[in-house]
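Let's take a walk through a protein fold together, one step at a time. Please have the structure open beside the text and turn it as you read.

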Amino acid sequence: MALCQNIIHAVRVGGPDTWNCICIGSDFDGLINTIDFVPNASAMPNLQPLFMQYLGLMVGKLNQFIVQQGNAEPRLTFPPDVFKRFTITNAQRFLGEISANNLPV
């Protein structure tokens, strides 16, 4: 739940393009030695439905708050492929850009 709160805060502050930047850390992406019972995010089969459920509920509640406050802040939406972006594609793009530009990690 706290993870989803942090993601929503990042998108709220950084804007909708932030959905293309955030990704799961190397603790669960399989790039490093991890804890034995969770070698990577795919070993957590309930992660995707819970992630989407919590994220959806939190975005909905935040949008209700924004409307109730009557401020000009835009309401949040999240892309349907946000889980795939968060667990795979954003990290792949990041690593590809580092490799393509010979940047140090």
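The paragraphs below go from the whole chain to its helix pairs and then to a few single residues.

Before we start, keep in mind that this is a predicted model. The protein chain has 3 helices and 0 strands, and reading from the N terminus its elements follow the order α-α-α. Of the 105 residues in the protein chain, 27% are buried. The surface that the protein chain exposes comes to about 7300 Å², with carbon and sulfur atoms supplying 58% of it. How do contacts in the protein chain spread along the sequence? Take the contacts between residues at least 6 apart in sequence: 64% of them join residues at least 24 apart.

Now look at the first pair of helices. Helix α1 covers residues 2-14, and its axis lies 9 Å from that of α2, at an angle of about 50°. Angles from 35 to 65 degrees fall in the oblique range, and α1 and α2 are therefore oblique to each other. The crossing of these two helices, α1 and α2, is right-handed. Which residues bring them together? On the α1 side you will find Leu-3, Cys-4, Gln-5, Ile-7, Ile-8 and Arg-12, and they meet Phe-51, Tyr-54, Leu-55, Met-58, Val-59, Leu-62 and Phe-65 in α2. Sorted by class, this contact of α1 with α2 holds 11 nonpolar residues, 1 polar and 1 charged.

Next, follow the chain on to the second pair. Helix α2 spans residues 47-69 and helix α3 spans residues 82-100; their axes come within 10 Å and cross at roughly 125°. That angle makes α2 oblique to α3. Here too we can ask about handedness: α2 passes α3 in a right-handed crossing. The residues of α2 that take part are Leu-47, Gln-48, Phe-51, Met-52 and Leu-55, and their partners in α3 are Val-82, Phe-83 and Phe-86. This contact of α2 with α3 counts 7 nonpolar residues, 1 polar and no charged ones.

With the helices in place, we can zoom in on single residues. Start with Val-82, which belongs to helix α3. Is Val-82 buried or exposed? Its relative accessibility is 2%, so Val-82 counts as buried. Setting aside neighbours within four places in sequence, Val-82 is in contact with Trp-19, Phe-51, Met-52 and Leu-55. Leu-55 is 27 residues from Val-82 along the chain, and the C-alpha atoms of the two are separated by 9.7 Å.

Phe-86 is also found in helix α3. With a relative accessible area of 6%, Phe-86 is buried. What does Phe-86 touch, if residues up to four places away in sequence are not counted? The list is Leu-3, Ile-7, Ile-22, Cys-23, Ile-24 and Phe-51. Pick out Cys-23 from that list: Phe-86 and Cys-23 are 63 residues apart in sequence, and their C-alpha atoms are 4.2 Å apart in space.

Stay in helix α3 and move on to Phe-94. Phe-94 is partly exposed, with a relative accessible area of 48%. That value lies under the 50% above which a residue would count as exposed. Cys-23 comes up once more: it is 71 residues from Phe-94 in sequence and 9.5 Å away in space, C-alpha to C-alpha.

Our last stop is Asn-63, which lies in helix α2. Asn-63 has a relative accessible area of 13% and is buried. Apart from neighbours within four places in sequence, Asn-63 is in contact with Arg-75 and Leu-76.

To retrace the route, turn back to the whole chain with its 3 helices. Find the right-handed crossing of α1 and α2, then the one in which α2 passes α3. Finally, look for buried Val-82, buried Phe-86 and partly exposed Phe-94.

Methods. Residues numbered from 1 in each chain as written. Predicted model: local features only at pLDDT ≥ 70, side-chain atom pairs only at ≥ 80, totals over all residues. Heavy atoms only, no water. Axes fitted to C-alpha atoms, helices over the stretch in contact; angles between N-to-C directions. Helix = DSSP H or I, 4+ residues; strand = E, 2+ residues; numbered from the N terminus. Parallel < 35°, antiparallel > 145°, perpendicular 65-115°, else oblique. Left-handed = near helix turned anticlockwise from the far one by under 90°. Contact = heavy atoms within 4.5 Å. Nonpolar A, V, L, I, M, F, W, Y, C, P; charged D, E, K, R; others polar. Buried < 20%, exposed > 50% of the residue type's maximum accessible area, 1.4 Å probe, protein only. Areas by Shrake-Rupley, 256 points an atom, 1.4 Å probe, with all protein chains shown as cover.
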